[in-house]
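Reader: I would like to go through this model with you, one question at a time. Could we begin with a single residue and then turn to the wider arrangement around a sheet?

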Amino acid sequence: MPGTHINKQTACQYSREGCGTPTDRRVSLKTDLRSLQEGGEPEIHERVDLRAWTALGVGGLADLLIRCRSADGLQRALDLLAAYGRDWLVLGSGSRLVPSDYGLRVAVLNLSGNLGLWELDVEGAVAWSGANLAQVCRAAARSGLQGFDALMAASGTVGGAIHAAQAGHFPLRGILEWADVARPGNPVERVRPSARSDADRGLTLDLERRVILRARLKAAGDAASDLHIRLADDRPNRWQKQTRLAGPVFVGPGKVRAEVLLAENGCLGLSVGGARLCESSPNRIRTSRSARAGEILELMQRARQRVMDRAGVELESALRFIDERGRTIEP
């Protein structure tokens, strides 16, 4: 799966870090990105409203969104961003991402098209990074594959789940066999998670300056049974139909279920502004159209503090809050 790379001479021509004003460099980057388009990609969008691209419907305007539909298109975008010395942020379905209300100055990569496909086999699935994980798992279940049941209620993409698993926020141990990753100036490489102790839920994958392209997921019996996401059984009311829903919000320590801690310690229906923890599924969060990232952050801080005060247990955030430069903010 070769990528189209920028040679050293061209990279020197593209590299304008330190030359001209920041505005000049941004304009030149956008111009050069458009000149790289082959077959309509990568697709360039400016001043994008992040509320339409995140599961919780929050965030300001992104200066630059680059939509990639193939591995080659992604590689061209990565090579050029690196030549300009620019960082990037990958945005799938935005299920875990809570961007700043002030928007994003960092380049945003969105993976769609062919990068959202998957293929089943007798032992599991090979899915591209932008594929919806819940859809992959439901398709696997319909084909008779066992071991993905507990992942069916998960929201987000395969790539997002792998990043969450690396941080110990998502149970892919024993399920993720390998992942193909892309990085600037290099061919696609395959990485495999290393073994960790049973007490460590995370995966050991080197994803620094790398973008996940596709992954091999294998059926693993009940390996995913420690993911506790419960969907509401009741039909959504009028208010719920006008809201966004995402989760899980927290991860409990060890085998302790975060949703049980939230329910037992007075967090059912806890709300701040346009953000509310669900009463029927307390480890999921609903947001109204007027919700802001700051309200989600405050809601999580209140819920975490309440559980700490009453149960003496510290919950860990499963959502990722980022500032304008794409840097992670600890809630």
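Reader: In which loop is the place of S288?

Author: This is a predicted model, and the answer follows from the elements on either side of the residue. Strand β15 covers 285–287 and helix α8 covers 293–311, and S288 has its place in the loop between β15 and α8.

Reader: Is S288 buried or exposed?

Author: Leaving aside neighbours within four places in sequence, S288 is in contact with T243 and G274, and its side chain also makes a polar contact of 3.1 Å with the side chain of S290. Because buried means under 20% relative accessible area, the class of S288 follows from its own value of 16%: buried.

Reader: What is the order of the strands in the open sheet of 5 strands?

Author: The pairing in this sheet is antiparallel, and the edge strands, each of which pairs on one side only, are β6 (118–120) and β9 (189–191). Neighbouring strands are turned by 15 degrees against each other on average, direction ignored. Read from one edge to the other, the order is β6-β7-β10-β8-β9.

Reader: Which residue is the bridge partner of A127 in β10?

Author: Strand β7 (residues 124–128) and strand β10 (residues 211–218) run antiparallel and are joined by 5 bridges. Within β10, the partner of A127 is A215.

Reader: At about what angle to β10 does helix α5 run?

Author: Two helices can be described against the strands here. Helix α4 (residues 133–142) packs on the sheet, where it touches β6, β7 and β10, and its direction makes about 20 degrees with that of β6. Helix α5 (residues 158–166), by contrast, lies across β7, β8 and β10, and its angle to β10 is about 85 degrees.

Reader: Is E177 buried, exposed or partly exposed?

Author: E177 is found in strand β8 (residues 176–182), and, apart from neighbours within four places in sequence, it is in contact with R192, P193, R216 and K218. Of these, K218 lies 41 residues away along the chain, yet the C-alpha atoms of E177 and K218 are separated by 6.7 Å. Because its relative accessibility is 29%, E177 counts as partly exposed.

Reader: How far from the centre of the ring of W178 is the charged end of R190?

Author: A search of the whole structure finds 0 aromatic pairs, but charges do sit over rings. The charged end of R214 sits over the ring of W128, 5.5 Å from its centre. For R190, whose charged end sits over the ring of W178, the distance from the ring centre is 3.6 Å.

Methods. Residues numbered from 1 in each chain as written. Predicted model: local features only at pLDDT ≥ 70, side-chain atom pairs only at ≥ 80, totals over all residues. Heavy atoms only, no water. Phe/Tyr/Trp six-rings, centres within 6.5 Å; stacked < 30°, edge-to-face > 60°. Lys NZ or Arg CZ within 6 Å of the ring centre and 35° of its normal. Helix = DSSP H or I, 4+ residues; strand = E, 2+ residues; numbered from the N terminus. Buried < 20%, exposed > 50% of the residue type's maximum accessible area, 1.4 Å probe, protein only. Contact = heavy atoms within 4.5 Å. Pairing = 2+ DSSP bridges. Axes fitted to C-alpha atoms, helices over the stretch in contact; angles between N-to-C directions. Polar contact = N/O pair within 3.5 Å; in protein donor to acceptor, adjacent residues only side chain to side chain.
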